[in-house]
Amino acid sequence: MLTAVKNQMRVCLLSIKYNVMREMVNKVTFLTNVGFMVLNNATFLVQWMILFRLRGDVGGYTFREIMLLWGLVAASFGLSHILFARVFSLPDLIINGKLDAYLVQPKNVLVSVITSATDVSAIGDFLYGIAVALLCDLGVGGFFLFLLFTVTGAVVFTAFALLLGSLSFWFVRMDMLQNQMVMGIVSFGTYPDGIFKGISRFLLYFMIPVGMAVWYPVHVIIRFDAGMFFTVTGYAALLSVTSVGVFYRGLRRYASGNLMAARQ
């Protein structure tokens, strides 16, 4: 059992490595995509700098804490799209019968699918997030927590996308819902949770997991809370198990597209 797990991890890492190497063949395009993504993210912080010159805090957050929000969202989103970019186009693979190429491979189907592509621009997101964390001067312990929550955030992004994408085994047009819901984490996660009240706050914790991916982790980094820490890690693990279960349950319903094509 342990050997099988190690082999799957090795295959996963090799797949990611070759995806990145393939994207780096054209170095100019690669560096341009990464660089422009960093600049794109940086422009939004300029807006917040102007806003904080007009008032002391927003929703109970200082500028440093807003930077942490942006850094964690960018790093988590980036890591997820670097490692598991294909999960975000899972509905297309299911609806158009494109899973055939993965079903015939002698390795785990889910691992094969989600590690089969890399989003180059996401490297810019990840590097930007790490740079912002360093600028926040979190200290060794705080930076370690930031890295840990970058991983849990990436797990939440990936698992949430997998869960919604897997519903394409039963429903059509889940690609639109998946994209809107996943991007909802990014959109709402870059704003302080203090500005959301009532039903909207409930939805952003339990329907769109913004709270678990971003808000709780930032609170823990700023002021460590063991309860919040284990809530975040436990939620990430539970969401992962649930999404994998839904995927394999749906895979039983999959109808081949009879595509005579091999994955490159």
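Start by selecting Phe188, Phe196, Tyr205, Trp215 and Tyr216: ring pairs link them into a cluster. Keep in mind while you click around that this is a predicted model. The structure holds 13 aromatic pairs, and the cluster is a handy place to begin looking at them.

**Inside the ring cluster**

Zoom in on Tyr205 and Trp215. Their ring centres are 5.6 Å apart and the planes sit at 55°, so this pair counts as tilted. Colour by helix and you'll find Tyr205 in H10 (residues 198-206) and Trp215 in H11 (residues 210-222), so the pair ties together parts that are ten residues apart in sequence.

Are these two buried or exposed? Tyr205 is buried at 8% relative accessibility, and Trp215 is buried too, with a relative accessible area of 0%.

Now show what surrounds Trp215. Leaving out residues up to four places away in sequence, Trp215 touches Tyr61, Leu69, Phe188, Gly189, Tyr191, Pro192, Asp193, Phe196, Leu204, Tyr205 and Val210.

**Zoom out for a moment**

Switch to cartoon. You should see twelve helices and zero strands. Of the 264 residues, 47% count as buried. Turn on a surface and you are looking at about 13700 Å² of exposed area, with carbon and sulfur atoms supplying 68% of it. If you draw a contact map, look away from the diagonal: among contacts between residues at least 6 apart in sequence, 77% join residues at least 24 apart.

**The nonpolar core**

Next, pick Leu99, Val113, Phe146, Phe149, Trp215 and Phe247. These have the most contacts inside the largest nonpolar core, which has 67 residues. Which helix gives the most to this core? That would be H8 (residues 139-166), with eleven residues. Another core lies apart from it and has five residues, including Val34, Val120, Ala122 and Ile123. As background, nonpolar side chains in soluble globular proteins tend to be buried together.

**Where H3 meets H8**

Select helix H3, residues 63-83, which is where Ser76 is found. Leu72 lies in H3 as well, and is a good stop to make before Ser76.

Leu72 is buried, with a relative accessible area of 0%. Show its contacts beyond four places in sequence and you get Phe146, Phe149, Thr150, Ala213, Val214, Pro217 and Val218. Then put a distance label between the C-alpha atoms of Leu72 and Leu147: it should read 8.7 Å, for two residues 75 apart along the chain.

Move on to Ser76, which is buried with a relative accessible area of 1%. What is there for its side chain to reach? A polar atom of the Ser76 side chain lies 3.4 Å from the backbone oxygen of Thr150. Beyond its neighbours within four places in sequence, Ser76 is in contact with Phe149, Thr150, Gly153, Ala154 and Phe157.

Phe157 leads to the next stop. Phe77 and Phe157 form an edge-to-face aromatic pair, 5.7 Å centre to centre with 80° between the planes. Phe77 is in H3 and Phe157 in H8, so the pair ties together parts that are 80 residues apart in sequence. Both residues are buried.

**A loop with an unusual phi**

Follow the chain back to the loop between H7 (121-135) and H8, and select Asp137. What is its phi? Asp137 has a positive phi of about 50°, although it is not a glycine. For context, most residues other than glycine have a negative phi. Asp137 is exposed, with a relative accessible area of 62%.

**Finish on H12**

Last, select residues 226-251, helix H12. With 26 residues, H12 reaches 38 Å from its first C-alpha to its last, close to the 38 Å expected at 1.5 Å a residue. Look at the start of the helix: a side-chain oxygen of Asp225 reaches to within 2.9 Å of the backbone nitrogen of Gly227.

Then highlight the buried residues of H12: Phe229, Val232, Ala236, Leu239, Ser243, Val246, Phe247, Gly250 and Leu251. What do they pack against? Bring up H4 (90-95), H5 (100-103), H6 (109-114), H8 and H11, since these are the helices that the buried residues of H12 pack against. Phe247 takes you back to the largest nonpolar core, where it is listed with Trp215 among the residues that have the most contacts.

Methods. Residues are numbered from 1 along each chain as its sequence is written. This is a predicted model: local features need pLDDT of at least 70, side-chain atom pairs count only at pLDDT 80 or more; totals for chains, interfaces and linings use all residues. Side-chain values use heavy atoms; hydrogens and water are left out. Helices (H or I, at least four residues) and strands (E, at least two) are DSSP runs, numbered from the N terminus. Buried means under 20% relative accessible area, exposed over 50%, partly exposed in between (1.4 Å probe, protein chains only). Contact means heavy atoms within 4.5 Å. Accessible areas come from the Shrake-Rupley method with a 1.4 Å probe; for residues, only the protein chains shown count as cover. A polar contact is a pair of N or O atoms within 3.5 Å; within protein, one must be able to donate a hydrogen and the other to accept it, and residues adjacent in sequence count only if both atoms are side-chain atoms. A nonpolar core is a set of buried Ala, Val, Leu, Ile, Met, Phe, Trp, Tyr and Cys residues joined through side-chain atoms within 4.5 Å. Rings of Phe, Tyr and Trp (its six-membered ring) pair if their centres lie within 6.5 Å; planes under 30 degrees apart count as stacked, over 60 as edge-to-face and the rest as tilted. The expected span of a helix is 1.5 Å times one less than its number of residues.
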